[in-house]
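Reader: Hello! Could we go through this structure together, starting with its strands and then turning to a pair of helices?

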Amino acid sequence: MAKILLIDDSRLIAPVAKTILTKRGHEVILAQDGLAGLEAAKSERPDMILLDLTMPVMDGYQVCEKLKQEDSTKEIPVIMLTSKAEPADKVKGLEMGALDYMAKPFDEGELVARVNIHVRLKELREALEEKNRQLQEMANRDGLTGLFNHRYFHEQLSKDFLRARRYHESLSCILLDIDYSKKFNDNYGHQTGDVVLSTLGRVIEEAIRDSDFAARYGGEEFAVILYHADQPAAVHVAERLRQMVEDREIHDKDKMLHVTISVGVATFPHEEIRDSKKLIECADKALYKAKENGRNRVESY
Ligand SMILES: [Mg+2]
């Protein structure tokens with residue numbers, strides 16, 4: 001069942017079409033001129049519009065053009081209705097964005113069949129758009145942890161950096177690495193390593209705000225972007241995260257494990273940091289320092 005807006009000034013044919021379509025389970029809204037039709041298209045968000053070509057004041061072409069100019073209505077499929085006595089300029093209508101034509105008076109079967117086809121096409125189109133959205137989303141994600149991936153992290157950070165610079169906002173980057181991960185993988189195997197990584201991904205999500213951005217940066221490395229966070233604020237988050245990881249019991253089958261992380265923090269503005277690449281580089285240097293200074297600690301650049 002679909003919600004159909006019928007814009008038609010004919011007091012004879014419009015009610016008949018409404019009756020036919022209502023009988024088939026569709027909800028039909030009637031508008032008797034172009035202006036009322038445009039209003040209804042905006043307020044009712046119909047699945048489809050049946051649009052009479054010949055109407056006083058504003059004809060079907062004009063209504064169609066206006067529908068296609070408006071963001072909230074431009075995606076709604078439009079079928080033009082023409083009577084045999086008023087031959088339509090079909091090319092013009094199609095150029096205006098109409099999907100199809102139907103001649104009045106209607107054959108009941110044809111009206112129902114065409115409406116159903118276009119409702120079905122609209123559903124398929126929407127399902128496809130949703131699939132594409134999901135695929136796009138998956139392409140930006142790391143399969144194991146569900147966090148964003150390395151490529152998307154760089155894309156995001158370079159945009160964020162430009163914005164932070166333009167609006168003089170502070171922006172912090174955290175890089176963290178699991179301590180002794182090689183020894184860990186050698187002792188327990190990669191399957192356990194995966195459990196550790198996905199647990200760590202969840203801890204990171206718990207530690208940051210929803211508005212912040214977390215990614216799996218590399219094998220055992222993660223990266224976080226903190227918005228509007230100056231250095232003390234970023235170090236505070238990093239330290240909380242480090243503590244949460246240290247405290248977290250990681251269960252894998254019969255084993256219970258603990259890991260620790262080393263964390264590097266870099267914050268813009270900073271006299272040496274002029275682009276997003278440099279921001280990551282500085283966070284990486286701080287991470288290296290955290291490792292050098294004994295691991296399971298936070299250092300900032
Ligand atoms: Mg008419």
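Author: Gladly; what follows is a short set of questions and answers on a predicted model.

Reader: What is the order of the strands in the open sheet?

Author: The sheet is an open one of 5 strands, and its pairing is parallel. At its edges lie β2 (27-31) and β5 (100-104), each paired on one side only. From one strand to the next the twist averages 25 degrees. The order is β2-β1-β3-β4-β5.

Reader: Which residue in β5 does M80 stand opposite?

Author: Strand β4 covers residues 78-83 and runs parallel to β5, with 5 bridges joining the two. The residue in β5 that stands opposite M80 is Y101.

Reader: What angle does the direction of helix α2 make with that of β1?

Author: Helix α2 (residues 34-44) packs on the sheet, where it touches β1 (3-7), β2 and β3 (48-52). Its direction and that of β1 make an angle of about 165 degrees.

Reader: Why are α7 and α8 described as oblique to each other?

Author: Helix α7 spans residues 181-188 and helix α8 residues 190-207, and their axes are 7 Å apart. The angle at which they pack is about 130 degrees. Angles over 145 would count as roughly antiparallel and 65 to 115 as roughly perpendicular. The two helices are therefore oblique.

Reader: How many charged residues does the contact of α7 with α8 have?

Author: From α7 come F184, N185 and Y188, which meet H190, T192 and G193 in α8. By class, 2 of the residues in this contact are nonpolar and 4 are polar. As for charged residues, the contact has no such residues.

Terms used
Residues numbered from 1 in each chain as written. Predicted model: local features only at pLDDT ≥ 70, side-chain atom pairs only at ≥ 80, totals over all residues. Axes fitted to C-alpha atoms, helices over the stretch in contact; angles between N-to-C directions. Helix = DSSP H or I, 4+ residues; strand = E, 2+ residues; numbered from the N terminus. Parallel < 35°, antiparallel > 145°, perpendicular 65-115°, else oblique. Contact = placed C-beta atoms within 7 Å. Nonpolar A, V, L, I, M, F, W, Y, C, P; charged D, E, K, R; others polar. Pairing = 2+ DSSP bridges.
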